[in-house]
Amino acid sequence: MTQPIKALVFDVYGTLFDVHSVKVKAEELYPEHGEAISQAWRQKQLEYSFLRQLNGQYVPFSQVTRDALRYALLQLKLHVTEENIAALMEVYLKLDHYPEVNSVLEQMSDKQLAVFSNGSHDMLDPLIEQSGLSGRFNHIISVDDIKQYKPTPASYMHALNTLGLKREEILFMSSNGWDITGAKSFGFRTAWINRSGLPVEELNLDPDSIYDDLTGLLEWK
């Protein structure tokens with residue numbers, strides 16, 4: 001018999017919040033380069049988190065994000081100033097959440113709700129607080145607590161231990177295919193929020209469900 005879902009666990013960046021909402025400020029600071037900065041910044045942010053995990057050189061995600069931004073600006077041959085870096089980093093604390101987020105969280109409030117992110121608390125807590133969503137969640141879980149980035153098994157174990165449930169009682173949501181494969185491998189049930197219409201990763205770890213946005217989660221009520 002399939003265990004009922006008792007907790008919904010949400011990734012943050014790209015799942016609840018639009019990381020590319022930074023492009024508005026980036027465009028203001030670097031006209032005609034906003035989109036390119038946003039894309040290069042996100043790509044390098046993920047690469048650096050993976051590389052640091054593999055190299056055993058963990059630093060908080062706020063540092064990863066700052067380093068990735070500097071690299072992205074240099075890659076695009078743009079003028080780098082500490083003022084511009086600070087201004088763009090500040091935007092990461094005020095990202096736009098996707099329009100359906102509040103309604104879905106409200107309708108699923110009969111279950112434990114948690115966020116689980118590679119973001120360090122110095123990024124994560126202000127972002128969720130300013131969004132008005134903090135009261136929706138029972139837990140705000142950061143890998144920074146154990147210094148192990150997703151998609152390591154240790155990171156998902158930290159989330160499991162925090163929730164105090166069985167793996168199969170947890171539905172994990174992410175817009176990132178690599179995060180879904182990590183959670184699926186660990187034993188969570190998974191729902192891929194495939195906002196970009198991408199193919200499933202070729203890793204034989206297919207998500208249990210695939211949705212265009214978070215409204216698909218209402219099937220789990």
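Helices here are DSSP runs of H or I with at least four residues, strands are E runs of at least two, and both are numbered from the N terminus.

**Figure 1. The whole chain, as a predicted model.** The protein has eight helices and six strands. Reading from the N terminus, they come in the order β-α-α-α-α-α-β-α-β-α-β-α-β-β. The radius of gyration is 17 Å, close to the 17 Å that the globule rule gives for 221 residues, so the protein is as compact as a globular protein of that length. Along the principal axes, the C-alpha atoms fill a box of roughly 60 × 40 × 30 Å. Of the 221 residues, 51% count as buried. Take the contacts with a separation of 6 or more, and 63% of them are between residues 24 or more positions apart. The accessible surface comes to about 10200 Å², and carbon and sulfur atoms hold 50% of that.

**Figure 2. Helix H2 and what sits over it.** H2 takes in residues 34-55, and at 1.5 Å a residue its 22 residues should span 32 Å; the end C-alpha atoms are 31 Å apart, which agrees. Just past the end of H2, Gly56 has a positive phi of about 70°. Among the buried residues of H2 are Ile37, Trp41, Arg42, Lys44 and Leu46. Their cover includes helices H1 (23-29), H3 (61-75), H4 (82-91) and H8 (177-186).

**Figure 3. The largest nonpolar core, with Tyr13 in view.** This core counts 69 residues, and Phe10, Tyr13, Trp41, Phe137 and Leu217 are those with the most contacts inside it. H3 is the biggest giver, supplying six residues. In soluble globular proteins, nonpolar side chains tend to be buried together. Leaving out residues up to four places away in sequence, Tyr13 touches a long list of partners, including Val19, Phe61, Tyr92, Leu95, Met123, Leu124 and Leu127. Some polar company turns up too: Arg42, Ser117, Ser175 and Asn176 are among the residues that Tyr13 touches.

**Figure 4. Ser62 in helix H3.** Buried or exposed, what is Ser62? At a relative accessible area of 14%, Ser62 falls under the 20% cut-off and so counts as buried. Setting aside residues up to four places away in sequence, Ser62 touches Met89, Ser120, Asp122 and Met123.

**Figure 5. A salt-bridge network of Asp11, Lys150 and Asp179.** Which residues pair with Lys150 here? One of them is Asp11, with the closest N and O atoms 3.1 Å apart. Lys150 lies in the loop between strand S3 (139-142) and helix H7 (153-163), while Asp11 is in the loop between strand S1 (7-10) and H1, so this pair ties together parts that are 139 residues apart in sequence. The other is Asp179, whose side chain meets that of Lys150 at 2.8 Å, N to O. Asp179 belongs to helix H8 and Lys150 to the loop between S3 and H7, so this pair links parts that are 29 residues apart in sequence. Each member of the network is buried: Lys150 has a relative accessible area of 1%, Asp11 has 4% and Asp179 has 0%.

**Figure 6. A salt bridge within helix H1: Glu28 and Lys25.** This is one of twelve salt bridges in the structure. The closest N and O atoms of Glu28 and Lys25 are 3.0 Å apart. The two residues sit three apart in H1, which means that about one helical turn separates them. Glu28 counts as exposed, at 53% relative accessibility, whereas Lys25 is partly exposed, at 24%.

Key. Residues numbered from 1 in each chain as written. Predicted model: local features only at pLDDT ≥ 70, side-chain atom pairs only at ≥ 80, totals over all residues. Heavy atoms only, no water. Expected span 1.5 Å × (residues − 1). Buried < 20%, exposed > 50% of the residue type's maximum accessible area, 1.4 Å probe, protein only. Contact = heavy atoms within 4.5 Å. Core = buried A, V, L, I, M, F, W, Y, C linked by side-chain atoms within 4.5 Å. Rg over C-alpha atoms; globule rule 2.2 N^0.38 Å. Areas by Shrake-Rupley, 256 points an atom, 1.4 Å probe, with all protein chains shown as cover. Salt bridge = Lys/Arg side-chain N within 4 Å of Asp/Glu carboxyl O.
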